[in-house]
Each structure stands twice: as structure tokens, then as C-alpha cells.
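I opened a fresh page for this one and jotted down what I looked up as I went along. Pull up the viewer and follow me through the entries.

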Amino acid sequence: PVAPPPPLTPEREHASALSLLAMLQREGRFLDFVQENVAAFPDADVGAAARIVHEGCRKVVHQYLTLQPVLPQGEGDKVTVPAGFDAQRIRLTGNVAGQPPYGGTLRHHGWVTTEVKFPSVSPAMEPRVLAPAEVELA
């Protein structure tokens, strides 16, 4: 009998997620931003950095993911949550009592991915390296 292939290591199993992080870092310096302790910086400096991170990360998300709101209504609109609703798509907050249908105010419309277009990850690449060190030579 043929032996089953060995299980994938966690970094190989999750290579596409690590690849997404690497792309967010490359285009938007996402990891640099979230690893930095911004509490000590003035709000204007954090805001300026956030614009750069936002632009690059938005580019990556739009390139590889197609997103749609879970609910089409606008935030602040009144909505009805029917009986049998999908709890993965709709989270109830506040005074949750009784049985559906529930009436409430939409606080966030949620997001659902309708298409994923990640590039394949080469087995030759080390998926744990999210950003190489950069050394400038004189």
C-alpha cells in the first residue's frame, strides 16, 4: 500500500494567508504599522501614516478579493432579522430577548467575500518570510 503524504506544516497549510500578509506589507506596510506602538505619536503623524497604509492595503484587497456587504441597507437604517437567520452572517447585539423576527438598527453592514483570486504560492518560497530585511549598500 502507498503511504499517505505527510501532513502539511502550518506555514505550508496557511501559505495563502501568509502570502496575503506579505502583500499587505509590501504594498501598505501593514505589519510595520500594526507592530508600531502608535500611542506615543501625535494624532497628525498617525493619521498621515494611516493614509499610506490604507491606500496600499486597499489596493491589495481590491486586487485579490471581491467583497459585498452582508446586508444591503445603510448603517443606521432599521432592519428586520427573520426567523432562521444565519448567525455567521448576522450578529445580534444589545437587548436580545424573545424569538425572531427581530427589529433593530444596523450598526455595521458586515462583509462577505464573493470571489478570491490569490496567486498560487510557489513551494520554493518560504511562506513564513512576510518581508525580507532590506540592506542598502553604499
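**Entry 1: a strand residue**

Which side chain does the side chain of Thr-105 join in a polar contact of 2.8 Å? I found that the partner is Lys-78. A caveat for the whole notebook: I am reading a predicted model.

I placed Thr-105 in strand β3. Its relative accessible area is 27%, so I logged Thr-105 as partly exposed. Leaving out residues up to four places away in sequence, I saw Thr-105 touch Gly-76, Asp-77 and Lys-78. I also checked a distant pair: Thr-105 and Ala-40 are 65 residues apart along the chain, and their C-alpha atoms are separated by 36 Å.

**Entry 2: the cores**

Next I looked for nonpolar clusters. The largest nonpolar core has eight residues: Val-70, Leu-71, Val-79, Val-81, Ile-90, Tyr-102, Leu-106 and Val-112. I picked Leu-106 from that core and listed its contacts, again not counting residues up to four places away in sequence: Leu-71, Gln-73, Gly-74, Glu-75, Gly-76, Asp-77 and Val-79. Another core lies apart from this one; it has seven residues, among them Leu-24, Val-53, Cys-57 and Val-60. A reminder to myself: in soluble globular proteins, nonpolar side chains tend to be buried together.

**Entry 3: helix α4**

I then turned to helix α4, residues 43-64. How far should its 22 residues span at 1.5 Å a residue? The expected value is 32 Å, and the end C-alpha atoms are 31 Å apart, so the two agree.

In α4 I noted Val-53, Gly-56, Cys-57, Val-60 and Tyr-64 as buried. They cover an arc of only 95° around the axis, so they sit on the same side of α4. The textbook background is handy here: an α-helix has 3.6 residues a turn, so residues three or four places apart point the same way.

On the other side of α4 I found Asp-43, Ala-44, Arg-51, His-54 and Glu-55 exposed. The cover over the buried residues of α4 includes α2, α3 (30-35), β1 (65-68) and β4 (112-116).

I looked up Arg-58 too, which is in helix α4. Its relative accessibility is 47%, so Arg-58 counts as partly exposed. From Arg-58 to Ser-16 I get 18 Å, C-alpha to C-alpha, for 42 residues of separation in sequence.

**Entry 4: helix α2 and Gln-25**

I ran the span check on α2 as well. Its 14 residues should span 20 Å at 1.5 Å a residue, and I read 19 Å between the end C-alpha atoms, which agrees. The buried residues here are Ala-15, Leu-18, Ser-19, Leu-20, Ala-22, Met-23, Leu-24, Gln-25 and Gly-28. They pack against α1 (10-13), α3 and α4.

Gln-25 caught my eye in that list. Is Gln-25 buried or exposed? Its relative accessibility is 5%, so Gln-25 counts as buried. I put Gln-25 in helix α2, residues 15-28. Its side chain makes a polar contact of 3.0 Å with the side chain of Asp-32. Not counting residues up to four places away in sequence, Gln-25 touches Phe-30, Leu-31, Asp-32, Leu-130 and Ala-131.

**Entry 5: backbone oddities**

What follows α2? I found Arg-29 there, with a positive phi near 55°. Arg-29 lies in the loop between α2 and α3, and its relative accessible area of 42% makes Arg-29 partly exposed.

I also flagged the peptide bond from Pro-100 to Pro-101, which is cis with omega near 10°. Pro-101 is in the loop between β2 (78-81) and β3 (102-105). For context, most residues other than glycine have a negative phi, and most peptide bonds are trans.

**Entry 6: the record**

Last, I checked the annotation. The unreviewed UniProt entry carries "domain: DUF2760" over residues 14-136. For that span I get 34% helix and 14% strand, with the end C-alpha atoms 31 Å apart.

Terms used: Residues numbered from 1 in each chain as written. Predicted model: local features only at pLDDT ≥ 70, side-chain atom pairs only at ≥ 80, totals over all residues. Heavy atoms only, no water. Helix = DSSP H or I, 4+ residues; strand = E, 2+ residues; numbered from the N terminus. Buried < 20%, exposed > 50% of the residue type's maximum accessible area, 1.4 Å probe, protein only. Polar contact = N/O pair within 3.5 Å; in protein donor to acceptor, adjacent residues only side chain to side chain. Contact = heavy atoms within 4.5 Å. Expected span 1.5 Å × (residues − 1). Arc of directions from axis to C-beta. Core = buried A, V, L, I, M, F, W, Y, C linked by side-chain atoms within 4.5 Å. UniProt positions renumbered as here; feature names shortened; annotations may be inferred.
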